[in-house]
Structure formats: C-alpha cells, structure tokens
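Reader: Could you zoom in on one part of this model for me and go through it residue by residue? I'd like the overall picture as well, so I know what I'm looking at.

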Amino acid sequence: MLAARASTASRLARNFATVVDSAGVKVAAVDNGQPTSAVTFLVKAGSRYETKPGVAHALKNFAFKSTSQRSALATVREAELYGGFLSASLSREYLALSSEFLRGDESYFVDLISSILTSGKYLRHEYSEYVIPVIEAESVAASSDPATSALEAAHALAFRSGLGSSLFASPHSSVTLEDIKSYGASAFSKGNIAVLGTGIDQATLSKLVEKSLASVTSSASASTSPSAYFGGETRLESHGGPETVFIGFGATGPADPALAVLAAHLAPQPSVKWSQGLSPISAGLPVGTSVQTVLLPYSDATLFGLLVQGPTAQGVKEAAKVATKALKEAGSVKGDELKKAIAKAKFSAASSIDSRDGILNTLSSKIFSTNEVSVDTTLASLDQVNEAAFSKVVSSITKTKPTFVAVGSVLELPYPDEVGL
C-alpha cells in the first residue's frame, strides 16, 4: 500500500519553476492563475555574511524607509492605496523583502522594492526614531522566548561563526548608520540578488526586474568561510516560559534527504487529531510535555535536533530521555516503518508548495545554485533513502559531539549525560 501511494505522489509531482538569468539577477516565478500576486527580493545579506554583529538585523529594519523615489510615509500610503502588503524577514543566509498585491499591480511593487536596493537614503532620524526601537523590541522578544533562545544558542555552539551569528542585534548594539550603509552597499549587488514571484508570469517578472535593477552594480556573490560543525553545551537561566531543552547534531555539506526521513520518523505529531500517534517518542512523553523535530538545512550545513518543552524540569528531563533513546534506536528502523517515514517526509515536501511561504522556502534554498526547481527531484531523492543510507545517517550524526542547550531553571534541568547523551 505504501509503495502504491509513493508511486501516486511521484506521478502528481511537477516542475513548478524555472530559474532564468535576467541581466545578472536570478528570477523564478510560479503562476497558477490566482487573483493575487507576490514578489520577494531575496538578498544574500543574512547574519552569516554580516560584517559586524547585528548589522544584518539593522539592515532588515531599514526596509521600506525613505528612498530617492519616495519617503517612508509615501511608501505606506501608496501601498495601502493599491491594497498591498509589505514585509521584510531575515534568515541566517538571506534578507527577504516581500510584497503581496492584486494581480496587475506588479510594476509598482517591483519598482518599490527595487528602490530600496538602489536608492535607500538611510536617514539618521529614521534610524533613531524607527529602526532602533524595533531592533530593541525584536531582540527583547526573542530573548524572552525559550525556543528562540535555545535555537540561537544552538547555532552559536554548533557553528560558532558564520551560521552561528545571531539573527538579532543586541538591545544595546554598537551598529552605526555608516555600518548599515556599508553593509547594504556590498550586499545589494546583482550577484547577491534573486527575485521570486507567485501569481505572475515569468517573462513579465523578468522584464520588470531587468528594468528596475538596471543601475545595480555587478559583483561577485557574497561569500564566507565554509561552515564547520563543533557542538557543545550551554545553560541559560530564564523565567516565565516553558522549561526547554534542545538536543542537536550538525553535519556539513548539502542536506542529506535521509535527515528529512529521520525527522518524519521521530516527529510525535499524530496523523489523526486527538490520537497519540505512532512515533517512537509519542507513547513515552509525560503529560504536558512536547517534542518537536527541528531540521534546518543551509547551503553548506544542516542542524538537526529535538526541541523538548514542558511546564516542569522533571517532565522535560523524562521527555528528553525518551527522545534521545528514540533517536539512537532509529538506525535500526527497517521495512514498513522506514516506508512510513519516507511517505511522511514526501508528503511534507510536496505539501510545502501549497502556500506562498512554502514556495518561497523551497525556491530560496535552490535558486542560487540551480536552474530547475522541481518537486520531482525532492521526492526522488527521498525515494532513494534505503535502510543502509538511513542507518548510516543516524549513525553519523549521533557519533558527532551533540549540541545541548537548556533554557529555564538551569539548576533543575538535565545535563547531557542525564538524558543518555
């Protein structure tokens, strides 16, 4: 039965985007005839490339401020007149500037985002009155969330520099306006930019991008030292949130599809609402605790882990023991259990392109390195995960030094050896 379903999934998969080069800028579009459109300018300006801690976070918050074409107020007013929405987000590798709007208004919104890259003014009063308060608010909110704090600390332990750089500036960051201008000037070049569209024709988007970014200089793509995995342990005192433990492992190089299968195998979220689920973790979890599999693939490394949370340190300790045991025993998974995990991983990969965010995530991981973005390719790579490949990946990551982060009541939360690491 599982084999039949896998075959059906392969038949339904389709190529959904072709990446083209438009005057030095990568462009990809998906048009399924929807009445609204969206365009995202993806820039290699994530925290791994930053020249000073916090400057990438500051640059993100300068999005949609004054340019030579329009003031920050005019940007907001005009976007509202068109009924559109503007947003900016930052990952460790990319700065994403996005707009959503009614089909037919793409010319205005492509020009609006392009102006941020080509003629941002970086006004001092906007920095002090608008940018700095948002930086501080976002940094404080991140530090107040145990899950975010755990993942931030995990990246620093796992990769140290590069991917280990924080997504958030310190609330008392020493980043200056000149630092931001300099970082933006180096990042906003054609080799670092890709444009992704949904609900818009590829040729139309390419022409608009070529015209709007004509003044952008061409230069080599941003680069950084290759990622290396280290691992380690840290404990962060925190109050007011759930007790939290992150158990992680890292690998360098392209993401191994077997890790997606491992994440699907361990994930305790049930397929049927209100049921316990058949994950090897599900049955052993204390009431009130949760375990979430974390798979974060990057261009040259991957962080895999288990985020354990609960109201009490003792409950988190027991749940962490269960999760660690399940991870170590996963290497012996065979037969229908492995087929089930592969099917879950394929469904997750295929369903991810049902939403704009999913399409963006899928395209952003491949647009700078390939000309063809296909669900077929992803599903085929998962189909190739056999018992030997799966066992090898589990053995490989569990032999590396773990990344262990405890956030909460650090005197009560477990140490690595107490959960089986």
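Author: Let's start with charge: the protein chain carries 36 positive and 38 negative side chains, and the centres of the two sets lie 4 Å apart. Here Lys and Arg count as positive and Asp and Glu as negative, while His and the chain ends are left out; each charge is placed at NZ of Lys, CZ of Arg, CG of Asp or CD of Glu. Before going further, keep in mind that this is a predicted model, where local features need pLDDT of at least 70 and side-chain atom pairs count only at pLDDT 80 or more, although totals for chains, interfaces and linings use all residues. Residues are numbered from 1 along each chain as its sequence is written, and side-chain values use heavy atoms, with hydrogens and water left out.

Now the overall frame. The protein chain has 14 helices and 13 strands, read as DSSP runs numbered from the N terminus (helices are H or I with at least four residues, strands are E with at least two). The C-alpha atoms fill a box of roughly 60 × 50 × 40 Å along the principal axes. The radius of gyration is 22 Å, which agrees with the value near 22 Å expected for a compact globule of 421 residues; the radius is taken over C-alpha atoms, and the rule is 2.2 Å times the number of residues to the power 0.38. Contacts (heavy atoms within 4.5 Å) reach a long way along the sequence: of those between residues at least 6 apart, 81% join residues at least 24 apart. Buried residues make up 49% of the 421, where buried means under 20% relative accessible area, exposed over 50%, and partly exposed in between, with a 1.4 Å probe and protein chains only. The accessible surface comes to about 19,000 Å², and 55% of that belongs to carbon and sulfur atoms.

The part I'd pick is a group of serines and the loops beside them. Take S68, which sits in the loop between α2 (55–60) and α3 (72–81). Skipping residues up to four places away in sequence, S68 touches S119 and K121. With S119 there is a polar contact too, side chain to side chain, at 2.9 Å. The S68 side chain makes another with the side chain of Q69, at 3.1 Å. By polar contact I mean a pair of N or O atoms within 3.5 Å; within protein, one must be able to donate a hydrogen and the other to accept it, and residues adjacent in sequence count only if both atoms are side-chain atoms. For a sense of scale, S68 and L382 are 314 residues apart in sequence and 48 Å apart in space, C-alpha to C-alpha.

The loop that holds S68 also holds F64, and F64 is worth a look. Most residues other than glycine have a negative phi. F64 isn't a glycine, but its phi is positive, about 65°. F64 is also buried, at 12% relative accessible area. Y122 gives you a second case: its phi is near 50°, again a positive value in a non-glycine residue. Y122 belongs to the loop between α4 (106–119) and α5 (124–144), and its relative accessible area of 12% makes Y122 buried.

Next comes S212, in helix α8 (residues 202–212). At 15% relative accessibility, S212 counts as buried. Its side chain pairs with that of S114 in a polar contact of 2.7 Å. Leaving out neighbours within four places in sequence, S212 is in contact with V110, S114 and T118.

One more serine is S99, in strand β6 (residues 95–102). S99 is buried, with a relative accessible area of 0%. Beyond four places in sequence, S99 touches S37, A38, V39, F85, L86, F109 and I113.

Two other residues round off the tour. E136 is in helix α5 and is partly exposed, at 34% relative accessible area. E136 and S170 are 34 residues apart in sequence, with their C-alpha atoms 7.4 Å apart. F246, in strand β9 (residues 243–252), is buried at 0%. Its C-alpha is 9.5 Å from that of A153, 93 residues away along the chain. Residues up to four places away aside, F246 touches a long list, including A150, L151, V294, F304, G305 and F404.

Definitions and conventions. Accessible areas come from the Shrake-Rupley method with a 1.4 Å probe; for residues, only the protein chains shown count as cover.
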